[in-house]
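Trainee: Could you pick one part of this model and walk me through it closely, strand by strand and then outward to whatever else is worth a look? I work with coordinates all day, so residue-level detail is welcome.

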Amino acid sequence: MDGFDEIFDWVVVGSGAGSMSSALVMRQAGKSVAILEKTDKIGGTTAKSGGVMWIPANRFMLADGEADSAEAAMTYLDALQALDGHPAPGTSREKRLAYVTQAPRAVDFLVDQGVALQRGSTFWPDYYDEQPGGCKTSRTVVARPFNRKELGEWADRLRQGFAEFNVTLVEGMEAQGHRRTNRASGKLMAKIALRTIRDKLLGRKYTTAGAALQGRMLKAVLAAGADVRTDTPVSEIVVQEGIATGVVTVKDGKPWRIGARLGVLVNAGGFARNQTMRDRYMPGTRAEWSQTPEGDTGEMQQELERIGGRLAQMDQMVGYQLTPAPGWDKGYVAPGAQSMTGKPHAILVDQGGTRFMNEGGSYELYCETMVRRNAVVPAVPSWAILDRQYVELYAVAGRFIDKAIPEGWAESGYLHSADTIEGLATSIGADPATLAATVARWNGFVAAGKDGDFDRGARAYDNCGFVGDPFSAERSMGSIEKGPFYAVPVVPGDVSTYGGVVTDERGRVVDGAGAPIPGLYATGVTTASVMGNVYVAAGASIGPSMVFGYIAARHAAGLENQP
C-alpha cells in the first residue's frame, strides 16, 4: 500500500457503539486498529443517548427464565415490514436474520471483553408488541453505571451523558416524580442520594445510560491496544482500483493519509445537525430540535455517496418529541413530551384542536405522524392538553406546576392556562368548538375504557413507565375534565437521523447495483436502518450499530466461520 503516511489493519471513522465493538473484535484477532473521532469527545450519538440495545434472546432474558428466540424476533421484524408496506432498501430478510442471530453473540462477546452489561428492564415492551413475535416484557440490554475515573486521563474525553450520576434508567423512570407513588419514589430518591454521597466521598464520578456504555467500551478498547484519536476529522475515503484502502484526515493542520489493510468502517453518525440536508430529505424538521452532538453533520454520508454508495431511507429519523420549555437549550437534553402526553389526563392536538394520533407507542412514529399531519393542517408545533388532575400527579417539562408556575413560562407564551377548555382553545389559537368536541370525545373513550380512534393503551408499551403510568389503574387513559386546563407546545425533535448508505448482511457498503464495495463497511445511523422504515423497540438504532460493527469486523478479519 503506497502513498500513505501510516497504515493500520482496520480504520474506523467515528466513535459510536459499532466502532468500539468492531475494534474489540479486531484487537482480539491481533489486528491493529485506529478509531478516528472528528470532535474532541469520544462516544458519538451513543454517549448522549439512553444507550439501550435491542437484543432478542439475550443472555439476561434467558437468565430470567424467559423464552425468546431468533425465530420469534424474525417473525416480529417480518410482520413490521409487511405492516409498513413500503419496501426499504436498507433491510432484507438476510440482513434481518444476520442481526437477530448475531446480536446475542455480540453481547456475549462484549461481556467476555469485560464490558459490564445488564437487562434494561423487565418491562420495556417492543413498540408493536401486539404483532406476531412481539415481546411484552423486554429485549433491552444496557451498560451498568460507570465510574469515569476508571478511564484515567481519558475521563474528560468521554462525551457527557444526560445522567451523570450512579443511577439506572429504570431507577430514573421510577423516581421521575409520580406523586401517585411518592412514598416509593421518596425511598428510591433517598437511596440514590446516599449512593451519590458515598461515591463523592470515595472520589468516584459516575455516569449512566449511553455514556456508561461508551465509557465501558472505551476502557476495554484502550486496554486492548487500539489507537483512539480525537480532533481527527476524515474528509475522504481513499478508493484505489475499486477498493477502499484508507482515509484522508488531518494532522498538524495538514492532510494525513491513513491506510487500511483489511478495511474501513464508517460509523460517523447521521446528518441531524445539517439543516441543508434536512431541508432536502425531511422538510419541516429543524436541526435545533435535535439532541445529537455537534458533529452529526452528514459529511460521511455525502462522501459514501460520492464514491458509489447508495443512500436510502433518508426521510427517516429517530423521533424525540420535545416540549421547548424556557431555558431548555441551556440544558444537555431537552424535556421530552411523550412521557407527558402518553399519561392519563393528557392528549395531543394539532393547531386546530383535533387529536390525530395515539400518544403512546413508538416515538419515531409519533414524530413522523406530526410531520405528516403538518403537511395537511398546521401541526408543528402541536399542543399537549392537560388538566388539574394531570398536574397534581405528574411533571410538565420536568417541573411540577400545580403549586407555582415556573418563572417565564406564562410570560413567554410557553404555558397556556384557562378555567375552561374553550378559554384554553382561544389562548392557543385553536377553534374552541373543535377543542371542546375533541376533549369530550376523549372523555367518552375514557369512560368506555377504549380509545375508539387510535387504540391508545391497547399495547403493553403504552402502559409502561416510560410512556404511561403503570402504578395507576388508568395506566394511559384518564379524563380531562377538571380545571384549570393547560397547554404546552410539542415539536418533532430527534435523537438521530435514521437513513444513510445501504449495506448488506455483512455490513459492507453496496453500490447502486447492490454489489459490495471491497474494503468498505458502515454501521450505525450512517446507514439505512436494518429495521426499515419502522422503529421496532427501544435500542433499535444503537443495537444495530453495535452488532453490525461486530459483524463487519468479523467478516473483514476472516472470522465468519469461527465460533
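Mentor: Happy to. Two strands count as paired if DSSP finds at least two bridges between them. Keep in mind that this is a predicted model.

Let's start with a small sheet, where that definition is put to use. It is open, has 3 strands in the order β3-β5-β4, and its pairing is antiparallel. β3 (53-54) and β4 (117-119) form its edges, each pairing on one side only. Between β4 and β5 (residues 140-143), which run antiparallel, there are 3 bridges. For a residue-level view, take Gln 118, whose bridge partner in β5 is Val 142.

Now to the part I would look at most closely, strand β17. It spans residues 485-497, and 12 of its 13 residues are buried, so the rest of the structure largely encloses the strand. The cut-off behind that word is a relative accessible area under 20%. As you step along it, remember a general rule: side chains in a regular strand alternate between the two faces of the sheet.

Which strands pair with β17? One is β13 (residues 317-322), joined to β17 by 6 bridges and running antiparallel to it. In that pairing, Met 317 stands opposite Thr 497 of β17. Another is β15 (residues 382-386), which pairs with β17 in the antiparallel sense over 5 bridges. There, Ala 384 faces Val 488 of β17. Then comes β16 (residues 416-418), again antiparallel to β17, with 3 bridges. Its His 416 has Ala 487 of β17 as its bridge partner.

The backbone leading into these strands deserves a check of its own. As a general background, most residues other than glycine have a negative phi, and most peptide bonds are trans. With that in mind, look at Gly 483 and Pro 484, which are joined by a cis peptide bond with omega of about 0°. Pro 484 sits in the loop between α15 (432-448) and β17. A cis bond also joins Val 380 and Pro 381, again with omega about 0°. Pro 381 belongs to the loop between α12 (363-374) and β15.

The loop between α15 and β17 also holds Asp 455. Asp 455 is not a glycine, yet it has a positive phi of about 60°. With a relative accessible area of 38%, Asp 455 is partly exposed. Compare His 345, where phi is near 70°, a positive value in a residue other than glycine. His 345 lies in the loop between α11 (338-341) and β14 (346-349). At 2% relative accessibility, His 345 counts as buried. If you set up torsion checks, those residues and the two prolines make a handy list to inspect by eye.

Moving outward, there are two helix pairs to turn to. Helix α1 (residues 17-28) packs against helix α8 (residues 209-224) at an angle of about 25°, with 9 Å between their axes. That makes the two helices roughly parallel, because angles under 35 degrees count that way. Their crossing is left-handed. On the α1 side, the contact includes Ala 17, Met 20 and Leu 24, and on the α8 side it includes Met 217, Leu 218 and Val 221. By class, the contact of α1 with α8 has 9 nonpolar, 2 polar and 1 charged residues.

The second pair is α4 (residues 70-84) and α5 (residues 93-112), which pack at about 145° with axes 9 Å apart. Here α4 passes α5 in a right-handed crossing. Among the contact residues are Ala 73, Leu 77 and Asp 78 of α4, together with Arg 93, Arg 96 and Leu 97 of α5. By class, the contact of α4 with α5 has 6 nonpolar, 2 polar and 3 charged residues.

One last stop is Ala 163, in the loop between β6 (146-147) and α6 (169-174). Ala 163 is buried, at 8% relative accessible area. Leaving aside residues up to four places away in sequence, Ala 163 touches Thr 207 and Thr 208. Thr 207 is 44 residues from Ala 163 along the chain, while their C-alpha atoms are separated by 6.1 Å.

Conventions. Residues numbered from 1 in each chain as written. Predicted model: local features only at pLDDT ≥ 70, side-chain atom pairs only at ≥ 80, totals over all residues. Heavy atoms only, no water. Helix = DSSP H or I, 4+ residues; strand = E, 2+ residues; numbered from the N terminus. Axes fitted to C-alpha atoms, helices over the stretch in contact; angles between N-to-C directions. Parallel < 35°, antiparallel > 145°, perpendicular 65-115°, else oblique. Left-handed = near helix turned anticlockwise from the far one by under 90°. Contact = heavy atoms within 4.5 Å. Nonpolar A, V, L, I, M, F, W, Y, C, P; charged D, E, K, R; others polar. Buried < 20%, exposed > 50% of the residue type's maximum accessible area, 1.4 Å probe, protein only.
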